[in-house]
Amino acid sequence: MKRKLYKIIMITLILCTLCSCRVSISEDYVAEIQAQAQAFDFADAAERIRSVTGVDMTEVFLESMGEEKAQGIIDAIDGGTYTDRTWLEVTGYSYHVINDMLSGNINADNISDFGFNGKDSFTVSFVGDILFDPDFRPMVHASSMGGVLNCIDTATVDYLKSSDVFLINNEFTVGERGTPLQGKTWTFQAHPDRLDLFKQMGVDIVSLANNHVYDYGQVGFEDTIANLDKAGIPHIGAGMNLGEAAEGHYFIVNGIKVGIIAASSAEKVYFTPVAEENKPGVMGTYDSTEFIKAIKAADAQCDILVAYVHWGTENTTKLDAEQITMAREYIDAGVDAVIGGHPHCLQGMDFYKDVPIIYSVGNFWFNSKSLDSCVITLKINNSADMETLIVPLEQKNCETRLLVEESERRALFDRVEGFEPKTVSIADDGLIRLRTVES
């Protein structure tokens, strides 16, 4: 660096004046050397960053960051304190986001850059199943009420819209073609126009890793994907081959990159095909081998990774042994939160290696039963530290509402604490923690 060169020259000149050398040091010469030293050497800094950090830094990009931030990275390298987290601390953008900017991947179809929200944190929210099929009770009721948003209370919709990222499970096919699968009891399909409801609700992404996305055969499956693409709604957990089904979607908020991937192991009798190398279907996790590969690939691309999984046994709080085993496998592979659905009711929660496991978020708006439900929200601060919160809901008579009375909220929290494995405590504000001896 030129500052180091300046120091070397000055030390040399001073030594020369102390020995027999006859060197005249003019003020102008010193000023010139000093001015040169003040010019930050972006080319040299970029080379050092490339060699030490593995980031394929360019001189032009480093100049666009500015000298102060560039010097901050160099200081961390020189001081021996550099880690991947240094990028976020110094520049406001994480290591992964910087890499995406440099490579051009920031413009990839599966990356949504939501910029900065002006706050010291952001939220990523998840709910369970929703159903827009006109022949079933929820939509029949909605027709009598003047629309779906008259069946989901304003407080719930406002909360979900306020989330920086919001995911829902698309538990139906979308289209007008195909025929119901023979032998399957429940088959669902909604008109493509209904996708506008997702936009009205503030949905940012849907999961297709479920047991109803193939209800109308391959034609209905392909139409679902095509119609979501046409509507501009990102989707995960299914595709025309294993590569597509395994691919995650990534959201950049406040300079931090959050990835979400999805898989299903919901069916006891298989109607929904699992994607293969050249075969369409959902991302399967009956055998977790391929999903573990997907997790590892996604983890290498983001700061926080969430696995959204369709699993378990319907209408029971009792966990399948596979849910417990696979959740831990996912975490060992790199997941930072596991969020499940499919049982149509809330199930218990746990932590493994400090990573939250939400076994089932229950229905969001799916049938006429009276059921506890919830939003699970990951609150992530601008240092990429995460908290997990539950926002209590009730589904009843084809309507969903936010629980606001303290007694109702506390009663739901207490019920969830009592579900196996009974290892969490839930504060009055919904913060989920691993239960301690004292709590």
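## Salt bridges

In this predicted model, Lys 268 forms a salt bridge with Asp 320, and the closest N and O atoms of the pair are 3.2 Å apart. Lys 268 belongs to the loop between E10 and E11, whereas Asp 320 belongs to the loop between E12 and H14, so the pair ties together parts that are 52 residues apart in sequence. The two partners also differ in their accessibility class: Lys 268 is exposed, with a relative accessible area of 57%, while Asp 320, at 16% relative accessibility, counts as buried.

A search of the whole structure finds 19 salt bridges, among them one between Arg 410 and Asp 428, whose closest N and O atoms are 2.7 Å apart. Because Arg 410 lies in helix H15 and Asp 428 in the loop between E20 and strand E21 (432–434), this pair ties together parts that are 18 residues apart in sequence. Asp 428 is partly exposed, its relative accessible area being 45%. Salt bridges with shared partners join Arg 410, Asp 414, Glu 417, Asp 428 and Arg 435 into one network. A further salt bridge links Arg 50 with Glu 47, with the closest N and O atoms 2.6 Å apart; both residues lie in helix H3 (residues 42–53), where they are 3 residues apart, about one turn of the helix. Arg 50 is partly exposed at a relative accessible area of 30%, and Glu 47 counts as partly exposed at 40% relative accessibility.

## Two loop residues

Lys 422 lies in the loop between helix H15 (406–417) and strand E20 (424–426), and, with 51% relative accessibility, counts as exposed. When its neighbours within four places in sequence are left aside, Lys 422 is in contact with Glu 417 and Arg 435, and both of these residues belong to the salt-bridge network described above. The C-alpha atoms of Lys 422 and Asp 385, which are 37 residues apart along the chain, are separated by 25 Å.

Thr 272 is placed in the loop between E10 and strand E11 (281–282), and at 7% relative accessibility this residue counts as buried. Leaving aside its neighbours within four places in sequence, Thr 272 is in contact with Lys 184, Asn 210, Asn 211, His 212, Val 213, Tyr 214, Glu 267 and Val 282.

## The seven-stranded sheet

An open sheet of 7 strands follows the order E1-E9-E10-E12-E13-E15-E14, and its pairing is mixed. Strand E1 (111–113) and strand E14 (349–352) stand at the edges; each has a single partner strand, so one side of each is left without a neighbour in the sheet. From one strand to the next, the twist averages 20 degrees.

Within this sheet, strand E12 (residues 304–310) and strand E13 (residues 337–341) run parallel and are joined by 5 bridges, and His 310 has Gly 341 in E13 as its bridge partner. Helix H14 (residues 321–333) packs on the sheet, where it touches E12, E13, E14 and strand E15 (355–358), and its direction makes about 40 degrees with that of E14. Helix H7 (residues 95–103), for its part, lies across E1, strand E9 (249–253) and strand E10 (256–264), running at about 95 degrees to E10.

## Packing of H13 and H14

Two packed helices are described by the angle between their axes and the distance between the axes. For helix H13 (residues 289–299) and H14, the angle is about 35 degrees and the axes are 9 Å apart, and H13 passes H14 in a right-handed crossing. The residues that meet are Phe 291, Ile 292, Ile 295, Lys 296 and Asp 299 in H13, and Glu 329, Tyr 330 and Ala 333 in H14.

## Nonpolar cores

The largest nonpolar core has 41 residues, and those with the most contacts inside it are Ile 130, Phe 132, Ile 168, Phe 172, Phe 198, Phe 364 and Trp 365. Both helices and strands contribute, since at least two residues of this core come from each of strand E2 (121–130), helix H8 (137–145), helix H9 (154–162), strand E3 (165–170), helix H10 (196–201), helix H11 (217–231), strand E16 (363–365) and strand E18 (386–396). Of these elements, H11 gives the most, with 4 residues.

A second, separate core has 38 residues and includes Ile 304, Val 306, Met 349 and Cys 374.

Terms used. Residues numbered from 1 in each chain as written. Predicted model: local features only at pLDDT ≥ 70, side-chain atom pairs only at ≥ 80, totals over all residues. Heavy atoms only, no water. Buried < 20%, exposed > 50% of the residue type's maximum accessible area, 1.4 Å probe, protein only. Contact = heavy atoms within 4.5 Å. Pairing = 2+ DSSP bridges. Axes fitted to C-alpha atoms, helices over the stretch in contact; angles between N-to-C directions. Salt bridge = Lys/Arg side-chain N within 4 Å of Asp/Glu carboxyl O. Core = buried A, V, L, I, M, F, W, Y, C linked by side-chain atoms within 4.5 Å. Left-handed = near helix turned anticlockwise from the far one by under 90°.
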